Amino acid sequence: MIGHPLRGAFTADHAPVVSGVLAVALPLLVVFAVLGKQLVAGVMAGAVKG
């Protein structure tokens, strides 16, 4: 017999998992990189001083 008969039941195919993580994370990183200054400015504008 070639290979282990239960290999598919106990191993994960990592390519779809990695592509899904990248598909979710990359747009968030791009938005944060583009709008980072506005985000920080908004947080600082709402800070209570004094």
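Colleague: Before we start, what counts as exposed here?
Modeller: Exposed means over 50% relative accessible area, and buried means under 20%. Note that this is a predicted model.

Colleague: Okay. Why does Phe-32 count as exposed?
Modeller: Its relative accessibility is 52%, so Phe-32 falls in the exposed class, given the cut-off of over 50%.

Colleague: Which element holds Phe-32?
Modeller: Helix α2, which covers residues 14–45.

Colleague: Which residues form a nonpolar patch with Phe-32?
Modeller: Leu-39, Val-40, Val-43 and Met-44. Together with Phe-32 they have about 520 Å² of accessible area on the surface.

Colleague: Back to the helix. What span does α2 reach?
Modeller: From first C-alpha to last, α2 reaches 43 Å with its 32 residues. That is close to the expected 46 Å.

Colleague: And where is the kink in α2 centred?
Modeller: On Leu-35, with an angle of about 65 degrees.

Colleague: New topic, the whole chain. How many helices and strands?
Modeller: Two helices and zero strands.

Colleague: What share of the residues is buried?
Modeller: Just 2% of the 50 residues.

Colleague: What supplies the exposed area of the chain?
Modeller: Carbon and sulfur atoms supply 75% of about 4,800 Å².

Key. Residues numbered from 1 in each chain as written. Predicted model: local features only at pLDDT ≥ 70, side-chain atom pairs only at ≥ 80, totals over all residues. Heavy atoms only, no water. Patch = residues over 30% accessible without salt bridge, like charges linked within 9 Å, V, L, I, M, F, W, Y side chains within 5 Å. Areas by Shrake-Rupley, 256 points an atom, 1.4 Å probe, with all protein chains shown as cover. Salt bridge = Lys/Arg side-chain N within 4 Å of Asp/Glu carboxyl O. Helix = DSSP H or I, 4+ residues; strand = E, 2+ residues; numbered from the N terminus. Buried < 20%, exposed > 50% of the residue type's maximum accessible area, 1.4 Å probe, protein only. Expected span 1.5 Å × (residues − 1). Bend = angle between axes of the 7 residues up to and from the residue.
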